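User: Could you take a close look at the largest cavity in this model and walk me through what sits around it? I'd like the surroundings as one connected picture.

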Amino acid sequence: MEEFSTNIDDKQQRQSNINVEQQKKLHVERQQKLQEWFPHTPAVFWSKTCEEHNGFFGSHTSSTLIPIPESSHASSFTDQITTSAAADHQELVSTYFRLIVKMLSSAKAQAQGFTSVSSGAADYEWHETGYLSASSDTKNLLLCFDVPADSIANLYQTMPKALDQVTGPFALHILLLEELAQLYDRSVWAMAKKVRGIEKQRLLESGRRVSTTSSLSSSFDPPANDTSKPIGLVQLRNSENFEHLFEISRHLAHSVETTQIATEVVERIKNACEYIHLAQGTPILAARVQKLNFLHSLFRGLSARSVSIEKRLTSEQVLLSNVISQRDSNVNKEMSNFSSQIALSAKEDGAAMKTIAVVTLTFLPATFVTALLGMNFFTVDSKTPGGRLTSTKDVWIFFVIAVPLTVIVLCIWWWWQRREVKRHNAGRSEKDVEDLEDAGS
């Protein structure tokens with residue numbers, strides 16, 4: 001039975017290896033095919049470096065033929081674009097770029113099948129998009145990787161019907177960036193709502209009223225259907241939500257990074273379009289440069305907003321640290337006062353014990369002498385005039401019993417003290433070892 005199970009496992013392993021090899025082979029074939037359609041794409045574009053990059057842009061201009069990908073599902077509109085002058089050599093503008101955006105998750109995004117990662121404070125998802133384009137005066141190809149489905153749908157809906165508006169260099173780039181600007185805008189505002197929730201909860205907990213008369217302030221408020229519970233300073237101090245504030249800070253850092261890189265990518269696209277416009281001098285390219293200037297300004301605004309939100313969250317973190325420090329200071333002050341009271345009480349008790357010890361030592365010799373002479377070992381001879389103190393011959397019995405008992409009691413006390421010290425040291429050593437293990441883990 002074990003041999004049969006082993007054979008099955010080996011067969012499954014071989015089948016898995018075959019599937020992996022087939023996937024690699026298919027991936028290489030697709031890459032080679034795409035390289036034919038977009039011949040000026042650098043090889044590093046397909047590497048892991050670019051696959052995990054936070055954003056870049058590159059372009060190439062040459063006089064060559066644009067290969068037309070064969071597709072049985074091409075729309076009539078696409079056919080109109082790609083069938084004219086297919087064999088003519090024209091100036092080809094190739095671009096390759098990547099943009100990423102971090103979105104706090106929503107029910108809609110999860111319904112679309114995007115994988116979300118739980119971070120405690122907020123769920124999120126990454127949209128890591130890549131693009132390849134090849135365009136001339138009569139043809140335009142734009143290949144999009146991992147773009148959200150709703151963005152693609154909106155792109156088709158907003159695409160102009162006139163051919164001159166979608167053909168030529170950077171025509172589709174403008175439509176794509178207009179849609180991506182909305183995606184980045186939703187990402188930044190999702191971060192703003194989280195930070196605004198923290199600010200409002202802090203104001204409510206401090207007993208201050210939140211003004212709703214300012215349109216600017218109300219624009220940052222979460223919508224009425226936002227069921228996410230805001231995180232306030234009191235909650236942060238008293239629960240694990242303290243870590244969630246710093247988790248949101250991590251999301252904001254990514255938002256600042258991605259919006260700044262996106263702004264730089266848009267600027268480089270605009271510069272590339274300006275370069276071709278200066279070379280060709282066509283009016284349609286001048287209009288596209290103006291649109292790209294507008295989009296660049298739009299992305300710069302989004303980048304500035306994300307930086308502003310990060311600063312607001314930093315202010316909340318600084319305030320939280322100051323509140324916690326003030327609370328700890330008050331606690332330490334109370335503990336200091338309590339310790340002072342304990343020390344004063346101990347001092348009073350010590351003074352009383354010192355008085356008792358002095359009185360005891362003062363009367364102890366006399367007490368010993370009285371007890372010793374009061375025993376039956378000593379008698380007063382009444383026959384002698386004036387009385388005479390005499391002792392019996394058995395007085396040695398008292399010293400034989402008392403001295404050994406005293407020594408035994410002192411030895412027991414010394415042994416007990418040594419035992420307690422060793423047990424205390426052993427317990428402290430075990431605790432130190434546990435602390436070191438906890439610190440190491």
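Analyst: The largest cavity has a volume of about 30 Å³, and keep in mind that this is a predicted model. A search of the whole structure turns up one cavity of 30 Å³ or more, so there's your target, going by a search that takes 30 Å³ as its lower limit.

Which residues line the largest cavity? The lining is made of V147, S151, I152, L155, L176, E179 and L180. By type, that breaks down into five nonpolar residues, one polar and one charged. As for secondary structure, α5 (149-158) and α6 (171-205) each supply at least two residues of that lining.

Now follow L180 outward, since L180 lines the cavity and also belongs to the largest nonpolar core. That core has 35 residues, and F170, L177, L180 and Y184 are the ones with the most contacts inside it. Two or more residues apiece come from β2 (90-104), α6, α9 (241-280) and α10 (283-373). Of these, α6 gives the most, with nine residues. So α6 is on both lists: it helps line the cavity and it feeds the core. As background, nonpolar side chains in soluble globular proteins tend to be buried together.

F170 deserves a stop of its own. Its place is in the loop between α5 and α6, the two helices that each give at least two residues to the cavity lining. Is F170 buried or exposed? F170 has a relative accessible area of 1%, which is under the 20% cut-off, so it counts as buried. Its backbone is worth a glance too: phi of F170 is near 65°, a positive value in a residue other than glycine. Most residues other than glycine have a negative phi.

D146 also has a positive phi, near 60°, and is not a glycine either. D146 lies in the loop between β5 (140-145) and α5. Here the burial goes the other way: D146 has a relative accessible area of 58%, over the 50% cut-off, so it is exposed.

What about cysteines? C144 counts as partly exposed because its relative accessibility is 25%, while C273 is buried at 0%. C144 falls within β5 (140-145), and C273 falls within α9 (241-280). Searching the whole structure gives zero disulfides.

Last, some context from further along the chain. The unreviewed UniProt entry lists residues 355-375 and 395-416 under "transmembrane region". In the model, residues 355-375 are 90% helix and 0% strand, with the end C-alpha atoms 30 Å apart. Residues 395-416 come out at 95% helix and 0% strand, and their end C-alpha atoms are 33 Å apart.

Methods:
Residues numbered from 1 in each chain as written. Predicted model: local features only at pLDDT ≥ 70, side-chain atom pairs only at ≥ 80, totals over all residues. Heavy atoms only, no water. Disulfide = S-S within 2.5 Å. Buried < 20%, exposed > 50% of the residue type's maximum accessible area, 1.4 Å probe, protein only. UniProt positions renumbered as here; feature names shortened; annotations may be inferred. Helix = DSSP H or I, 4+ residues; strand = E, 2+ residues; numbered from the N terminus. 1 Å grid on protein atoms, 1.4 Å probe; cavity = no way out; pocket = protein on both sides within 12 Å on 5 of 7 lines; lining within 4 Å. Points joined across faces, edges and corners; volume = space filled by probe spheres on them. Nonpolar A, V, L, I, M, F, W, Y, C, P; charged D, E, K, R; others polar. Core = buried A, V, L, I, M, F, W, Y, C linked by side-chain atoms within 4.5 Å.
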